[in-house]
Amino acid sequence: MRYLCAPIQGFTDYVWRRAHASLFGGVERYYSPFLRIERGEMRKRDLADVNPVNNAGLTLVPQIIGCQPEQAQRLVLALRDMGYSEVDINMGCPYPPMALHHKGSGLIPHPAEVEALFSCLAGIDGVSYSIKMRLGWDEPRQWREIVPLFDILRPTQVTIHPRVGKQQYKGDLVMEEMDAAVELIRYPLVYNGDVTSLDDAAAIEHRYPSLSAIMIGRALVQNPALLCPEKASPAAYRALHDEIYADYEARMNGGDKQLVIKMKALWEMYLPFAPKKQLKAVKKASNLDRYNAAVSALFAEMEGEIG
């Protein structure tokens, strides 16, 4: 089975992607957190994140938020100018600030807007598209209305997370709708959602043997060795942390405080199975010295548990 890395806003930036690819791997393609237009301009940090120089050594597919056609066109043209020939369209973002403006999963209940977006993007030469989507925004059958529109783009693949946007990442997966999608969508299909182990992946592959790939996001941030358990060790987890730390330290201008804030954000998802006492100390560290001491204590405890 092919494995793809889903984008997670605030976590899977190019610093994380490079560290993961070099130390763990197992991923055929990484997808960037979505680019968007903000206050009429493309965000500089989004463009930096997908700069090919910053993504050397891995295969990256940049993602844009599903949005109004003129905004999407600007984003795709900028990516084409950077050398990209494939762009992923995010029609899955579940967060209300996006969805309530008919972006991400909030676009799905509006087939006329989807048609306008697809028609606009299909007119751009030299770019192919994939789609990442939910089942809908507030009703799990909404995806069915836009399936005929896929023929406008002829996507290279369609990734489905079988929840509606309003669920965010909670509640049951609506697997009967995923079953229907496998039957109705004639483009390569990718599964995404609640795959937290290789056993989970095997179960999905058994249920859907025709899948093109499985996409994993949060679980890879939590356990970067998920797809290569033979590489799992406290030393490897420490190496990933240290590579990310060194990269942020080298390019941040906000001093120790900014570095601590940035690194603590990683631990909101990273290694939830680490010793609880030490993990809590890392998250509570108020300055760089305390942070570094807490991180060292955490990995020492993990090593001790193995020894």
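The exchange below concerns cavities, pockets, cysteines and strands in a predicted model.

Biologist: What are the ground rules for this model?

Modeller: The model is predicted, local features need pLDDT of at least 70, side-chain atom pairs count only at pLDDT 80 or more, and totals for chains, interfaces and linings use all residues. Residues are numbered from 1 along each chain as its sequence is written, and side-chain values use heavy atoms, with hydrogens and water left out.

Biologist: What makes a set of points a cavity, and what makes it a pocket?

Modeller: On a 1 Å grid over the protein atoms alone, a cavity is a set of points where a 1.4 Å probe fits but cannot get out, whereas a pocket is an open set with protein on both sides within 12 Å along at least five of seven lines. Grid points are joined across faces, edges and corners, and a volume is the space filled by probe spheres set on the points.

Biologist: How many cavities of 30 Å³ or more does that rule give?

Modeller: The count is one. The largest cavity has a volume of about 80 Å³.

Biologist: Why are G10 and W16 called lining residues of the largest cavity?

Modeller: A lining residue has an atom within 4 Å of a point. G10, F11, D13, W16, I244, Y248, K262, A265 and L266 therefore line the largest cavity. Two helices, α10 (234–251) and α11 (255–266), each supply at least two residues of this lining, and α11 gives the largest share, three residues. Helices (H or I, at least four residues) and strands (E, at least two) are DSSP runs, numbered from the N terminus.

Biologist: What is the make-up of that lining by class?

Modeller: Six residues of the largest cavity's lining are nonpolar, one is polar and two are charged. Ala, Val, Leu, Ile, Met, Phe, Trp, Tyr, Cys and Pro count as nonpolar, Asp, Glu, Lys and Arg as charged, and the others, Gly among them, as polar.

Biologist: What is known of the largest pocket?

Modeller: The largest pocket holds about 580 Å³ of space. Its lining has 33 residues, of which P7, I8, Y95, Y169 and R218 lie nearest the centre. The lining divides into 18 nonpolar, ten polar and five charged residues.

Biologist: Which residues lie nearest the centre of the second largest pocket?

Modeller: D13, R45, D46, D49 and K262 do, out of 18 lining residues. The space in the second largest pocket is about 370 Å³. Helix α2 (44–50) gives the most to this lining, with four residues. Seven residues of this lining are charged, eight nonpolar and three polar.

Biologist: How do you know that C93 is in no disulfide?

Modeller: A disulfide is a pair of cysteine sulfur atoms within 2.5 Å. The sulfur of C93 is 12 Å from the closest cysteine sulfur, in C67, so the gap is too far for a bond. The structure holds zero disulfides. C67 is likewise in no disulfide, and the nearest cysteine sulfur to it, in C120, is 9.5 Å away.

Biologist: Why are C67 and C93 called buried?

Modeller: Buried means under 20% relative accessible area (1.4 Å probe, protein chains only). C67 has 3%, so C67 is buried; C93 has 5%, so C93 counts as buried.

Biologist: What makes β8 and β9 a pair?

Modeller: Two strands pair if DSSP finds at least two bridges between them. Five bridges join β8 to β9 (residues 158–164), and the two run parallel, so they pair. I131 stands opposite V158 in β9.

How values were computed. Buried means under 20% relative accessible area, exposed over 50%, partly exposed in between (1.4 Å probe, protein chains only).
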